[in-house]
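User: I'm new to this and would like to learn how to read helices and surfaces in a model. Can you walk me through one?

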Amino acid sequence: MIDLESVAKRYEVGAITVTALDRVDLHVSEGEFIVVLGPSGSGKTTLLNVIGALDTPTEGRITVGGQRVTGASGSALFAFRRSMVSFIFQSFNLFPGLTALENVQFGIDAANRASAEPSRSAADVLEDVGLGERIPHFPHELSGGEQQRVAIARALATGNPVLLADEPTGELDFTTGAQILELLHQQADAGKTILVVTHNREISRMADRVIELSSGRIVHDGPPAGGRAAISDLRW
């Protein structure tokens with residue numbers, strides 16, 4: 001589903017060159033649930049951004065779902081982001097003046113799916129994430145975990161096959177964060193391809209595969225130690 005070949009990203013900060021990604025090679029299969037770990041500045045967010053075409057690598061090749069991302073035109077990248085990837089952010093990025101239902105409906109409308117393609121309603125997707133009773137509520141009336149579930153529902157409602165989540169548990173307590181990752185894992189079991197950045201090594205044990213970055217390089221790529229853990233196995 002996702003292939004990176006010798007992908008590098010460098011920034012010029014005055015007279016200094018900062019390397020965010022250093023010739024990264026990565027292959028992700030359809031339906032994998034991957035957690036990306038690493039300290040601040042290790043390149044985690046940059047990795048998600050170049051995969052999702054929010055940023056352009058300095059060199060290398062990226063292919064997602066058979067589509068060449070690197071070197072594509074602006075209009076092709078717009079279509080790619082609309083039909084292939086969905087983002088989930090730490091800060092939720094919900095519209096404060098819209099209800100939970102309207103926030104999710106916005107994601108459906110933005111994806112602009114062909115009318116002939118079957119799609120589920122915003123209410124159905126909110127039911128899936130356990131928010132059926134919170135549909136008419138505004139973001140300020142929801143807890144942090146509920147707001148994150150709305151953001152996840154909005155991403156799922158697009159129908160896009162790839163979900164990229166940048167620190168979706170960063171502002172949540174440990175228990176709620178683990179529940180969010182379990183919800184995302186269920187989506188991977190249903191066929192979505194999911195990459196999640198988290199700073200929490202214990203929560204990362206819930207992944208199928210853990211990728212650790214340091215100074216823009218992959219220093220570990222494999223299953224979590226001891227295999228995938230359930231929420232009940234985590235050390236609170």
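User: What span should the 12 residues of helix α3 have, and how far apart are its end C-alpha atoms?

Analyst: Helices (H or I, at least four residues) and strands (E, at least two) are DSSP runs, numbered from the N terminus. The expected span is 1.5 Å times one less than the number of residues. For α3 (residues 100–111) that gives 16 Å, and the end C-alpha atoms are 17 Å apart, which agrees. Keep in mind that this is a predicted model: local features need pLDDT of at least 70, side-chain atom pairs count only at pLDDT 80 or more, and totals for chains, interfaces and linings use all residues. Residues are numbered from 1 along each chain as its sequence is written, and side-chain values use heavy atoms, leaving out hydrogens and water.

User: Which residues of α3 are buried?

Analyst: Buried means under 20% relative accessible area, exposed over 50%, partly exposed in between (1.4 Å probe, protein chains only). In α3 the buried ones are Ala-100, Asn-103, Val-104, Gly-107, Ile-108 and Ala-111. They sit on the same side of α3, because their arc around the axis is only 145° (taken from the directions from the helix axis to the C-beta atoms). An α-helix has 3.6 residues a turn, so residues three or four places apart point the same way.

User: What covers the buried residues of α3?

Analyst: Contact means heavy atoms within 4.5 Å. The cover includes α2 (74–83), α4 (122–128) and α5 (144–157).

User: Is Gln-187 buried or exposed?

Analyst: Gln-187, in helix α6 (residues 174–189), counts as buried because its relative accessibility is 18%. Leaving aside residues up to four places away in sequence, Gln-187 touches Leu-156, Lys-192 and Ile-194.
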